[in-house]
Amino acid sequence: MTISLPGSSRKGLTGLFKRKSDKKGMLPTAKRQLGGNDLARLFDKKMRTTKPVKPAKLSDKEVNASEQMTNLRGALYSK
């Protein structure tokens, strides 16, 4: 006569009596988590840092084209 125990047979008795870890309640060990750039800098000291890109101002021609498109859209959807 065999007794079937819950859990995986590969784990054996430790699978039965082991405390189950709660993945939701675990907090990260570091106070400040590293981002992608920080991780890359750890492995490559010569890595170039990317500078934030400032948006360029529109030229007069582009502003006029944008206004014309807005007027055309307004005319298209007006009743």
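This passage describes the fold, the confidence and selected surface features of one protein chain.

The model is predicted. Its protein chain averages a pLDDT of 76. Of the residues, 61% score at least 70. Confidence varies along the chain. The lowest mean, 66, falls in helix 1, which covers residues 13-17. The highest, 92, belongs to helix 3, spanning residues 60-77.

The architecture is helical. The protein chain contains three helices and zero strands. Read from the N terminus, the order of elements is α-α-α. Helix 2 comprises residues 36-43.

Burial was examined next. The protein chain has 79 residues, and 1% of them count as buried. The exposed area of the chain is about 9,000 Å². Carbon and sulfur atoms contribute 58% of that area.

A search for salt bridges covered the whole structure and returned one. The pair consists of D38 and R32. Their closest N and O atoms lie 3.1 Å apart, within the 4 Å cut-off for a salt bridge. The two partners differ in accessibility. D38 has a relative accessible area of 18% and is therefore buried, because the class requires a value under 20%. R32 reaches 58% relative accessibility, so this residue counts as exposed; the threshold for that class is over 50%.

Nonpolar side chains also gather on the surface. L34, L39, L42 and F43 form a nonpolar patch there. Together, these four residues present about 450 Å² of accessible area. One of them, L39, is located in helix 2. L39 has a relative accessibility of 40% and so counts as partly exposed. That class lies between the limits for buried and exposed residues. The value also satisfies the patch criterion, because patch residues need over 30% relative accessible area.

Definitions and conventions: Residues numbered from 1 in each chain as written. Predicted model: local features only at pLDDT ≥ 70, side-chain atom pairs only at ≥ 80, totals over all residues. Heavy atoms only, no water. Patch = residues over 30% accessible without salt bridge, like charges linked within 9 Å, V, L, I, M, F, W, Y side chains within 5 Å. Areas by Shrake-Rupley, 256 points an atom, 1.4 Å probe, with all protein chains shown as cover. Helix = DSSP H or I, 4+ residues; strand = E, 2+ residues; numbered from the N terminus. Buried < 20%, exposed > 50% of the residue type's maximum accessible area, 1.4 Å probe, protein only. pLDDT = per-residue confidence, 0-100.
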